[in-house]
Amino acid sequence: MTNARLKTEALRTLVRNERNASAEVILALAEFDRDRTWMDVGYNCLFNFLHRELKYSKGAAAYRNSAAELVQKHPEVIEPLRDGRLCLTVVNELAHVVTSENLAEVAWVKELFPSAPNYVGVYDAYGLVASKTLLAHGL
């Protein structure tokens, strides 16, 4: 095996480990939030715990907070996060649109249009999104 191939395999292993660690952090945060453990250490919410105690930036704290909330409602997103089918950014987006009522629909649309960057991307690909388009969720 060439040196480049060995380095590539080492990187592949590191990425797999990073994804697994990220999924484990989200699982632990979901439990921490579900049990409201952040109250026991003097915080009023998980976001403030993440930002102030664990020193995540506000953006990183918001992504992890959203992911933890989503995992509490839909634990099935953990495996796609763990194996790389989902990244934390996508999990954060899903947290804003997935409900118990539409989870199967969102998964079905992704199956039908795997190259679409997101749900709205499907509409956009068919010319259905214009400057005056208004899409609303939960109104």
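**Entry 1: Ile-26**

I started with Ile-26 and listed its neighbours, skipping residues up to four places away in sequence. Ile-26 touches Arg-64, Ala-67, Ala-68, Val-71, Ile-78, Leu-81 and Leu-88. Contact here means heavy atoms within 4.5 Å.

Note to self: this is a predicted model, where local features need pLDDT of at least 70, side-chain atom pairs count only at pLDDT 80 or more, and totals for chains, interfaces and linings use all residues. Residues are numbered from 1 along each chain as its sequence is written, and side-chain values use heavy atoms, with hydrogens and water left out.

**Entry 2: the core**

Which residues have the most contacts inside the largest nonpolar core? I found Ile-26 and Leu-46, in a core of 23 residues. A nonpolar core is a set of buried Ala, Val, Leu, Ile, Met, Phe, Trp, Tyr and Cys residues joined through side-chain atoms within 4.5 Å. Buried means under 20% relative accessible area, exposed means over 50%, and partly exposed is in between (1.4 Å probe, protein chains only).

Next I checked where the core residues come from. H1, H3, H4, H5 and H6 each give two or more residues to this core. The largest share, 5 residues, comes from H4. The H labels are helices, which are DSSP runs (H or I, at least four residues; strands are E, at least two) numbered from the N terminus.

**Entry 3: H1 against H4**

Two packed helices are described by the angle between their axes and the distance between the axes. The axes are lines fitted to C-alpha atoms, for helices over the stretch in contact, and angles run from 0 to 180 degrees between N-to-C directions.

I looked at H1 and H4: they pack at an angle of about 75°, with their axes 8 Å apart. That makes H1 roughly perpendicular to H4. My cut-offs: under 35 degrees is roughly parallel, over 145 roughly antiparallel, 65 to 115 roughly perpendicular, and the rest oblique. From H1, the contact uses Ile-26, Leu-27, Leu-29, Ala-30, Asp-33 and Arg-34. H4 brings Arg-64, Ala-67, Ala-68, Glu-69, Val-71 and Gln-72. By class I got 7 nonpolar, 1 polar and 4 charged residues. Ala, Val, Leu, Ile, Met, Phe, Trp, Tyr, Cys and Pro count as nonpolar, Asp, Glu, Lys and Arg as charged, and the others, Gly among them, as polar.

**Entry 4: H4 against H6**

How do H4 and H6 cross, left-handed or right-handed? I noted a left-handed crossing. A crossing is left-handed if the near helix is turned anticlockwise from the far one by less than a right angle, and right-handed if clockwise. The axes of H4 and H6 come within 8 Å and cross at roughly 60°, so the two helices are oblique to each other. On the H4 side I wrote down Ala-62, Tyr-63, Arg-64, Ser-66, Ala-67 and Leu-70. On the H6 side there are Leu-88, Thr-89, Val-91, Asn-92, Leu-94, Ala-95 and His-96. This contact divides into 8 nonpolar, 4 polar and 1 charged.

**Entry 5: H3 and its cover**

Helix H3 (residues 46-53) and helix H4 (residues 58-73) have axes that come within 9 Å and cross at roughly 140°. H3 and H4 are therefore oblique to each other, and their crossing is right-handed. H3 puts in Leu-46, Phe-47, Leu-50 and His-51, while H4 adds Lys-58, Ala-61, Ala-62, Arg-64, Asn-65 and Ala-68. I counted by class again: 6 nonpolar, 2 polar and 2 charged.

Which residues of H3 are buried? They are Leu-46, Asn-48, Phe-49 and Leu-50. H1, H2 and H4 are included in what covers them.

**Entry 6: loops**

After H3 comes Lys-55, whose phi is positive, near 65°. I placed Lys-55 in the loop between H3 and H4, and at 67% relative accessibility it counts as exposed.

Arg-36 also caught my eye: phi is near 55°, a positive value in a residue other than glycine. Arg-36 sits in the loop between helix H1 (3-34) and helix H2 (37-40). Its relative accessible area is 45%, so Arg-36 is partly exposed.

Last loop: Gly-84 lies between helix H5 (78-83) and helix H6 (88-97). At 31% relative accessibility, Gly-84 is partly exposed. I also checked Gly-84 against Arg-19: they are 65 residues apart in sequence and 6.7 Å apart in space, C-alpha to C-alpha.
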